Amino acid sequence: MATLKEKRTCGQRCEDFGHFVWNSDNGTFMGRTPEKWVYISLYYAAFYVVMTALFSLAIWVLMYTLDPYAPDYQDQLKSPGVMVWPDTYGEEQVEITYNISDKTSWMKMSKCLQDFLQPYNDTLQHDCHHNCTKGKYFIQNSFNAPGHTKWSCPFPQSALGPCSGLEDPTFGYNCTMPCVIIKMNRIINFLPSNQTDQPLHVNCTVLDGQENVEKMEYFPEKGILDRSYFPYYGRLAQPKYVNPLVAVRFSLVEKKTAKIQCRVVSEKISYENFHDPYEGKVVFFLKALK
């Protein structure tokens, strides 16, 4: 029968560990001589220096091939998305609901629009932007604006007329004539149309509750999104760019409830994508309660 191994005491184990750390008989530190420790340290130092250099070189090559002004892959952005303000979202749909007799309710809607329109202040737009030719694409092949940027066309808040919030800070939410603002999302270098006789514009239709909507008014006139705001060259190239907007004012009657679709009309903008309900259009419910 094999002899059982003798159990070592704690003191003996500590002595063995100390002998491992420094062996005076062989002159080794943790199993290696000082010379071998120098060699292995130099090896790992050189290894990590080379790995860091290769990683840095790979990142530099990647950044060198990227265009800082536009993403490399835009193949999934065929048409821009469309959004509506006030941006009050329900569980699955956009619901703009307010109570005429409740000041807190309609003030919430007007405050949302006031905050959204702050960058469109007339003074800011006048001081920081370039005068553009209406009705023509603003093609810029060079960076002529200050700071090696490109010019942006102004869109003053006053262009939204009665829905600008300048004349009526409530935006019609204290009565049955509420305003909504339609914005088309940005796509770099996107030109919405090849035709010159049909301007890009917003068109709203009542899908449900037609009898509850007496009238719709567009600001700017005819809901036109002028060509001078296109193409968009990116945030770095146009840091002062603001999206052109269209405001729609509704006159509600009867039950004051309607389901509305607003879409941007253009030959290059699709709006029937089942997988992306906000491509080219936005559908929302407008409800005025008492």
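Helix α3 tucks Ser105, Trp106, Met109, Ser110, Leu113 and Phe116 away as buried residues (under 20% relative accessible area; exposed is over 50%, with a 1.4 Å probe and protein chains only). Those residues cover an arc of only 125 degrees around the axis, so they sit on the same side of α3; the arc is taken from the directions from the helix axis to the C-beta atoms. This is a predicted model, where local features need pLDDT of at least 70, side-chain atom pairs count only at pLDDT 80 or more, and totals for chains, interfaces and linings use all residues. Numbering runs from 1 along each chain as its sequence is written, and side-chain values use heavy atoms, leaving out hydrogens and water.

**Around α3**
- Turned away from the buried side, the other face of α3 carries exposed Lys103, Thr104 and Lys108.
- Cover for the buried residues includes β3 (82-85), β4 (94-99), β5 (179-184) and β8, counting contacts as heavy atoms within 4.5 Å.
- At the start of α3, a side-chain oxygen of aspartate 102 comes within 3.2 Å of the backbone nitrogen of threonine 104.

**Threonine 170**
- Threonine 170 sits in the loop between α4 (122-128) and β5.
- With 11% relative accessibility, threonine 170 counts as buried.
- Beyond its neighbours within four places in sequence, threonine 170 is in contact with Trp106 and Ser110.

**Tyrosine 173**
- Leaving aside neighbours within four places in sequence, tyrosine 173 has contacts including Trp106, Met109 and Leu113.
- Pro86, Ile96, Tyr98, Pro178, Cys179 and Val180 are also among the contacts of tyrosine 173.

Key. Helix = DSSP H or I, 4+ residues; strand = E, 2+ residues; numbered from the N terminus. Polar contact = N/O pair within 3.5 Å; in protein donor to acceptor, adjacent residues only side chain to side chain.
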